[in-house]
Amino acid sequence: MTNDNNAELTGFAALGISGQLLKATHAAGFTQPKPIQEQAIPAQIEGRDILGIAQTGSGKTAAFALPILSKIIGLGTRRRPKTARALILAPTRELAVQIEETIKVLAKGAHISTALVLGGVSRHSQVKRIAPGVDFLIATPGRLTDLVREKDLVLSETTWLVLDEADRMLDMGFINDVRRIAKATHPARQTALFSATMPDEIAELAKGLLRDPVRVEVAPQGTTATEIKQSVVFARTKQKRQVLSKMLADEAMRSVIVFARTKHGADRVTRDLERDGFEAAVIHGNKSQNARQKALNGFRDGSVRILVATDIAARGIDVPGISHVVNFDLPDEAESYVHRIGRTGRNGQDGVAVTLVDPSENAKLRQVERIIRMKLPVLADHLDQPDPQPKPRQPNGERRLEAANDHESGRQQGKPRNVNAGARKHQGNGPKGAKPAGGRPSGRQEWSEQASAPRPGGQNKPEGAKPRKFRRRPRKPAARAA
DNA sequence: AAAAAAC
């Protein structure tokens, strides 16, 4: 109702943000609300639940943080020990760190406490931090579950719950943890769920957790930003290193993420790049949290131009100004391609995505092309070259990466020979992606959820817990199916 | 088979 009198208000003020919070929002460079913010902020201020379909970079964090902040700011600093007023759940540690940073910036000048709860770093300091109670808790599911089970954290007072990148939490097998966590929060909570895609499991989860949600959708799934110029380069695995180094010699590649399929592969690419005289940082799940953060910081502040990463960075990592994404390998999940290249071309800036494709990856390439509903133009084809030829002939050599299209015009829909060859080769393959049938990850141990119903068995649950509801596991009748 | 995430 206040807005009726404020028709002249614009920007975030018109969405219901005011006072110090509005000031900090502006100071942080948020002046023009993004579509998702325009839709989600007023609804949440009214108390509505949100079902958001949006990628990172769409402005999600401010979309859920601002309305919660605007309410928490009025609540004063009296908090129950070991509780959190708002809980933000994220799939990866990096994303959690990022979210906390954004919230801190937005909350600047207000007396808002935040805490980060994630694995890989000292548990004790986190326990100490939440001991007096906090306003915002940003967490990954593993450590959060740990703290709740050990009663270092109590969620019953949590009246705001945000699930970020819910589809990814599903992929990572967190869905049951998420359910359990949600169940432990205040029953009258306000909930927002964000997901880049909406598979059935997520729709079902949303149905269980959200009450009459406002549906907010910003970019149709499966589409890639038009500002990203995509292309492929055919090169055999052995040639890729050299091809990559040649590419990186182009100084138009100011800020580059190179994606590898495996952790080992990421390390190898990094080593090769360094051997070729490039400075590169690497990030993957086998690195310590410290090393991961350092790599990311160096890349973000521009001191390192090249970041080599596994799919840990495919989603969620929000580094502005990334000029190029190079897929050294195609991802196993075709969907991942969309997320990877989405690291560039943000905020209306141009981006370039180049994918190196070995003939053995042709099947994956076709999957990707199906998902993005376009055929990727071929920027270069090194497959004709005999294997170990260090100096590739280069008629007009280094063509700008931006000139992604001319090669294609030569081929038009003439299907590059090599693609066909590969396609044939892969045709005989069995039903790919055959999922493990029964699929239910079988709920893990429950924490103290049963606390109200004292377990007759006494202490914990060693092997003795017979009534394991989900424990059937009727050994496969036909084990030969393998 | 890979990646992420709790010790």
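**Figure 1. Phosphate contacts of T310 and G119 with DNA strand B.** In this predicted model, an N or O atom in the side chain of T310 is placed 3.0 Å from a phosphate oxygen of DNA strand B. At G119 the partner is again a phosphate oxygen of DNA strand B, but here a polar backbone atom of G119 takes part, at a distance of 2.9 Å.

**Figure 2. A base contact made by R149.** The side chain of R149 places a polar atom 2.3 Å from a base nitrogen of DNA strand B. R149 is also one of the residues that come nearest to DNA strand B, together with R143, K263, G285 and R292.

**Figure 3. The protein surface around DNA strand B.** In total, 21 residues surround DNA strand B. Helix α7, which spans residues 141-149, contributes four residues, the largest share of this surface. Sorted by class, the surface near DNA strand B comprises nine polar, eight charged and four nonpolar residues. On the nucleic acid side, sugar or phosphate accounts for 78% of the atoms of DNA strand B within 4 Å of the protein, and bases account for the rest.

**Figure 4. The contact between the two domains of chain A.** Chain A is divided into domain 1, residues 2-217, and domain 2, residues 228-424. Domain 1 brings 19 residues to the contact and domain 2 brings 17 residues. About 1400 Å² is buried between domain 1 and domain 2, and carbon and sulfur atoms give 41% of this area. Three residues, E94, Q98 and R168, supply 40% of the area that domain 1 buries against domain 2, which is more than any other three residues supply.

**Figure 5. Salt bridges and polar contacts between the domains.** Five salt bridges are counted between domain 1 and domain 2. A salt bridge joins the side chains of R300 and E101, with an N to O distance of 4.0 Å. Between domain 1 and domain 2, six residue pairs are in polar contact, with both residues at pLDDT 80 or more.

**Figure 6. The side of domain 1 that touches domain 2.** Two elements, α5 (93-106) and α8 (166-171), are those that give two or more residues to the side of domain 1 that touches domain 2. Of these, α5 gives the most, with six residues. By class, this side of domain 1 holds eight charged, seven polar and four nonpolar residues.

Key: Residues numbered from 1 in each chain as written. Chains lettered and ligands numbered in written order. Predicted model: local features only at pLDDT ≥ 70, side-chain atom pairs only at ≥ 80, totals over all residues. Heavy atoms only, no water. Domains from an automatic or database assignment. Contact = heavy atoms within 4.5 Å. Buried area = accessible area lost by both parts, 1.4 Å probe. Polar contact = N/O pair within 3.5 Å; in protein donor to acceptor, adjacent residues only side chain to side chain. Nonpolar A, V, L, I, M, F, W, Y, C, P; charged D, E, K, R; others polar. Near = heavy atom within 4 Å.
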